[in-house]
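Subject: The two-chain model, with notes

Dear colleague,

Here is the structure I promised to pass on to you, with the sequence alongside. Please open it first and keep it in view while you read the notes that follow.

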Amino acid sequence: MSADLLSLATIIAMALATYLTRIGGLYLMQGVTVKGRLKAALDALPPAVLMAVIAPTVLSSGPAETIAAVITAGAAFLRLPMIVVVAIGVAAVIALRAVV
Amino acid sequence: MPGPSRATDFARGVFDILPVLAAAVPIGLLWGTLAAAKGFSPFAAWLTSATVFAGAAQFIAVDMWRDPVPLLLIVVTTFIVNVRHLLMGASLQRHLGEFSTPGRLLAMFLMTDESWAFAERKVLGEALRPAYYFGVAVSMWLVWTSASLAGAIAGRSLGDPAAYGFDFAFSAMFIAILAGFWKGPRTGAVLAASAVSAALAKLALAGAWYIVIGGLAGVIVAAVLHSEQEAAEADRGDAP
């Protein structure tokens with residue numbers, strides 16, 4: 001397989017794998033009543049997964065990223081608009097990388 | 001009584017998602033430049049964003065991209081990173097009563113962390129109308145695919161995104177989204193369990209298993225803490 005074809009096949013396979021995860025949810029819980037502990041677990045899944053995605057960057061890249069993440073979280077909790085939060089985070093990481 | 005028109009609902013969806021769209025532009029540009037640096041043509045970058053349409057998975061896939069492309073590893077990793085969609089979809093499908101069958105299939109294709117979060121927020125107050133959902137989701141798709149394409153075209157002329165700190169924009173956006181899920185100290189416990197487990201798993205294991213491990217750790221903590229809350233309610237005698 002040529003490099004271009006392999007790349008194209010990978011992109012299509014990624015798309016199919018992703019759609020499978022999206023469409024699967026329609027049928028996953030059919031007939032299951034989501035309440036109590038199961039609901040608490042389901043409700044916690046999105047923040048837990050989002051946190052897991054960024055944890056290595058935030059915790060083990062270096063002090064600049066960790067401090068910038070804390071500053072970003074502070075801005076997020078002030079309920080500033082999302083684009084402002086992102087801008088503050090990026091500005092913080094630039095400044096901190098220059099000094100740390 | 002007739003509700004708001006479809007056009008009004010659609011426009012409300014677009015308006016609600018505007019701040020996320022503004023944040024998605026630099027992140028889409030960034031992904032496009034990273035993809036171009038790994039040899040993606042502008043068309044391949046656009047195709048990826050248009051069909052995969054999942055930021056976290058796309059960043060991780062481009063990071064793993066090399067010659068020859070490790071197809072199986074990338075596809076398995078993509079699936080693992082996106083397994084959260086199964087549970088998001090399981091939750092969202094409870095609110096798709098006003099959607100036709102093709103509408104549901106399209107709604108799920110367009111489901112992102114952001115459109116899902118906006119839909120779940122909407123159903124706290126009223127029914128989820130298709131036009132509103134598609135206002136949110138279609139504008140996300142248009143912005144993400146356009147920004148990715150622009151990034152891939154501009155690509156090499158923009159240079160290394162890390163030099164400008166744009167590599168951190170992705171983490172910053174997820175932190176901003178995370179804040180919307182905050183419901184008190186129990187959320188803190190969930191996030192701490194997830195962060196520590198994921199960071200340790202990342203050091204110990206190859207691939208993207210750290211995302212699943214962190215996610216499961218957070219879910220387990222949530223389930224455990226929930227039972228304590230139930231016990232407390234039973235003690236007070238106000239259990240159902």
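How many residue pairs are in polar contact between chain B and chain A, counting pairs with both residues at pLDDT 80 or more? Before the answer, please bear in mind that this is a predicted model, and that every value below was computed from it.

The interface between the chains

The count of residue pairs in polar contact between chain B and chain A is 13, whereas the number of salt bridges across that interface is zero. The contact itself involves 80 residues of chain B and 61 residues of chain A. The size of an interface is often given as the accessible area that is lost when the parts come together. For chain B and chain A, the area buried between them is about 6200 Å², and carbon and sulfur atoms account for 80% of it. On the side of chain B that touches chain A, the largest share is supplied by helix α9 of chain B (residues 169-179), with 11 residues. When the residues of that side of chain B are sorted by class, 57 are nonpolar, 16 are polar and seven are charged.

Inside chain B

Chain B has its own internal interface, since the domain assignment gives it domain 1 (6-181) and domain 2 (183-240). Here six residues of domain 1 of chain B are in contact with eight residues of domain 2 of chain B, and the two domains bury about 580 Å² between them, with 82% of that area coming from carbon and sulfur atoms. On the domain 1 side, the residues that lose the most area to domain 2 of chain B are B:I80, B:L178 and B:F181, which together make up 64% of what that side buries. Between domain 1 and domain 2 of chain B there are zero salt bridges, while one residue pair is found in polar contact, with both residues at pLDDT 80 or more. Helix α4 of chain B (residues 71-82) provides the largest share of the domain 1 side that touches domain 2 of chain B, namely three residues. By class, that side of domain 1 of chain B holds five nonpolar residues, one polar residue and no charged residues.

A detail of the backbone in chain B also deserves a look: B:D67 and B:P68 are joined by a cis peptide bond, with omega at about -5°. You will find B:P68 in the loop between α3 (55-64) and α4 of chain B.

Inside chain A

Chain A is divided into domain 1 (1-32) and domain 2 (46-100), and the centres of these two domains of chain A, taken over C-alpha atoms, are separated by 30 Å. The structure holds four salt bridges over all chains, and in chain A the side chains of A:E65 and A:R97 meet in a salt bridge, at 2.9 Å from N to O. This pair links distant parts of the chain, with A:E65 in helix α3 of chain A and A:R97 in helix α4 of chain A (residues 82-99), 32 residues apart. In the loop between α3 and α4 of chain A lies A:R79, a residue that has a positive phi of about 60° although it is not a glycine.

Confidence in the model

Chain A has an average pLDDT of 88, and 98% of its residues score at least 70. Among the elements of chain A, the lowest mean pLDDT (84) belongs to helix α2 (residues 36-60) and the highest (95) to helix α3 (residues 63-77). For chain B the mean pLDDT is 86, with 89% of the residues reaching 70 or more. Among the elements of chain B, helix α11 (residues 209-236) has the lowest mean pLDDT, 78, and helix α2 (residues 42-51) the highest, 97.

With best wishes

Definitions and conventions:
Residues numbered from 1 in each chain as written. Chains lettered and ligands numbered in written order. Heavy atoms only, no water. Domains from an automatic or database assignment. Contact = heavy atoms within 4.5 Å. Buried area = accessible area lost by both parts, 1.4 Å probe. Polar contact = N/O pair within 3.5 Å; in protein donor to acceptor, adjacent residues only side chain to side chain. Helix = DSSP H or I, 4+ residues; strand = E, 2+ residues; numbered from the N terminus. Nonpolar A, V, L, I, M, F, W, Y, C, P; charged D, E, K, R; others polar. pLDDT = per-residue confidence, 0-100.
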